[in-house]
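Please read the following report alongside the sequence and the coordinates, which are shown first. The text then moves from the overall fold to helix packing and to single residues.

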Amino acid sequence: MKNPFHVMLIPTLGCPARCRYCWSSEPGSPRMSIATVRDVVAWVSSLGKERVTFTFHGGEPLLAGADFYREALPLLAEGLAQANPEFAMQSNLWLLTPEIAEILAGYHVPIGTSIDGPARINDVQRGEGYFGKTMRGYRIAREHGLRVSFICTFTSQSFREKEEIVRFFRENGFTLKLHPALPSLRNDNPEPWTLAPDDYGELLVYLLDVSLENLGSFEIMNINDLCKCVFFRHGTVCTFVDCMGSTFAVGPDGSIYPCYRFVGMPEYVMGHVSDCPELADLAASPVGKAMQEFRNFVDRACADCPHIRYCRGGCPYNAMVPGHGTIGGVDPYCRAYHRIFDEISDRLNREMAEAPAMEMMCFGAPRPKQDKPGVMALMRFQAMKEGKRKR
Ligand code: SF4
Ligand code: SF4
């Protein structure tokens, strides 16, 4: 993760869309007040962090409206200047207006938006008319210089159309981040949309190949992250690190949760921003203890797995779903993670064995002879991009 301390702000759980597989919106949800934003500033300030990322998430965060962001962003940016805050947003963009886009652009807020492929596939699972509304918002975002990436949710149904979905993102020049449709603690019957672990594993291996075949012209963020995990031997996204203690979510009423996926469920509240709790207080709450229990469980259950250092048992929320809130196993997507980590490790080991010694020490050294780019070429490309970004 870019910044080690991450606070997700959930201005509301309401959402104007009705995606068929989404269990995280709540009609009639309250909106976060500016008083709560001030409490967030006081709370994060009391933690003494040197860096913090805020992600506006939901529900649909744009429901909070222009006035909310006009006040909230300077409060957070100036009130927490010592913590060098960075911002991001996850939104379907339906409600993006030129006015809000201008406010977000002033704080360089990158946006992750959700499209599941071309309109035909997207609107079957996200609702009639969704695609057009999001693309309209996308154009406004681009006109205001906002950076937008696309999160594509693969369901048990759209998985069967993966080739067409990938072609859509590639031909439009959109960077892709994929998300599997997941079961939820809020719903006992996630079928028929949930992506099965074996299908998810197969999808990841397919996308690894697509990513390498199109190196330099089409990016799949998850594949970059998974390769980095294996190459650097530590997790680079929340699923593959111990997220407890470094990620929190604040709900519309100021309640603190371990992550946005728990927001709105009273039994997962860890504390309240108006009380300025210390991290130790949050860790001592029942849900804080459950998250810690997951970390200990993984140390035992995954002890013999070669990928434990950069997988860390996956997502604790996913692990809690089958037991309705109790930990009875690691993340049920273990089989998918194992498969893609095996694949990347095997390819990397082969490439390293075939590469000249210098290649292993220096990304700038001549490439080994290969028919097509491999994992090391992807890592070299990422390092080059990162270097350019820093210059
Ligand atoms: S609970 Fe899961 S989704 Fe939430 S921060 Fe942790 S790993 Fe990420
Ligand atoms: S791949 Fe599975 S067994 Fe290995 S660390 Fe991840 S969750 Fe544990």
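What follows is a report on a predicted model, beginning with the chain as a whole.

## The chain as a whole

The secondary structure of the chain comes to 15 helices and nine strands. A compact globule of 391 residues would be expected to have a radius of gyration near 21 Å, and because the chain has 21 Å, its value agrees with that expectation. Along its principal axes, the C-alpha trace spans about 60 × 50 × 45 Å. Of the 391 residues, 41% count as buried. Where contacts join residues at least 6 apart in sequence, 69% of them link residues that are at least 24 apart.

## Helix packing

Two packed helices are described by the angle between their axes and the distance between the axes. The table gives these values for three helix pairs.

| Helix pair | Angle between axes | Distance between axes |
|---|---|---|
| H7 (residues 197–213) and H13 (residues 334–354) | about 25 degrees | 7 Å |
| H1 (residues 34–47) and H2 | about 15 degrees | 10 Å |
| H8 (residues 221–232) and H13 | about 60 degrees | 10 Å |

For H7 and H13, the angle of about 25 degrees makes H7 roughly parallel to H13, because angles under 35 degrees count as such. The crossing of these two helices is right-handed. On the H7 side the contact is formed by Pro197, Asp198, Tyr200, Gly201, Leu204, Val205 and Leu208, which meet Arg335, Ala336, Arg339, Ile340, Glu343 and Ile344 in H13. Sorted by character, the residues of this contact comprise eight nonpolar, one polar and four charged.

H13 also packs against H8, with an angle of about 60 degrees between the two helices, and this makes H8 oblique to H13. Here too the crossing is right-handed. Leu226, Cys227, Val230 and Phe231 in H8 meet Ile340, Phe341, Ile344, Ser345 and Leu348 in H13, and the residues of this contact divide into eight nonpolar, one polar and no charged. Ile340 and Ile344 of H13 are thus among the residues that meet H8, and they are also among those that meet H7.

The remaining pair in the table, H1 and H2, packs at an angle of about 15 degrees, which makes H1 roughly parallel to H2. H1 passes H2 in a right-handed crossing. The residues Ile34, Val37, Arg38, Val41 and Ser45 in H1 meet Glu71, Ala72, Leu75, Leu76 and Gly79 in H2, and this contact is made up of six nonpolar, two polar and two charged residues.

## Met89 and Asp67

Is Met89 buried or exposed? Met89 is placed in strand S3 (residues 86–90), and it counts as buried because it has 24 C-beta neighbours inside 10 Å, where 20 or more are required. Leaving aside residues up to four places away in sequence, Met89 touches Thr55, Phe56, Pro61, Leu104, Val109 and Ile111. Of these partners, Val109 lies 20 residues from Met89 along the chain, and the C-alpha atoms of the two are separated by 6.7 Å.

Asp67, by contrast, is exposed, because 12 other C-beta atoms lie within 10 Å and a count of 12 or fewer is classed in that way. Asp67 has its place in helix H2 (residues 66–79). Between the C-alpha atoms of Asp67 and Gly328, which are 261 residues apart along the chain, the separation is 45 Å.

## Backbone features in loops

Some backbone details also deserve a look in the model. A cis peptide bond joins Gly58 and Gly59, with omega of about 10 degrees, and Gly59 lies in the loop between strand S2 (53–56) and H2.

Arg233 has a positive phi of about 60 degrees although it is not a glycine. Arg233 is found in the loop between H8 and strand S7 (247–250), and it is exposed, with 10 other C-beta atoms within 10 Å.

Cys276 is another residue other than glycine with a positive phi, in this case near 45 degrees. The loop that holds Cys276 runs between strand S9 (271–272) and helix H9 (279–284). With 15 C-beta neighbours inside 10 Å, Cys276 counts as partly exposed.

Methods: Residues numbered from 1 in each chain as written. Chains lettered and ligands numbered in written order. Predicted model: local features only at pLDDT ≥ 70, side-chain atom pairs only at ≥ 80, totals over all residues. Axes fitted to C-alpha atoms, helices over the stretch in contact; angles between N-to-C directions. Helix = DSSP H or I, 4+ residues; strand = E, 2+ residues; numbered from the N terminus. Parallel < 35°, antiparallel > 145°, perpendicular 65-115°, else oblique. Left-handed = near helix turned anticlockwise from the far one by under 90°. Contact = placed C-beta atoms within 7 Å. Nonpolar A, V, L, I, M, F, W, Y, C, P; charged D, E, K, R; others polar. Rg over C-alpha atoms; globule rule 2.2 N^0.38 Å.
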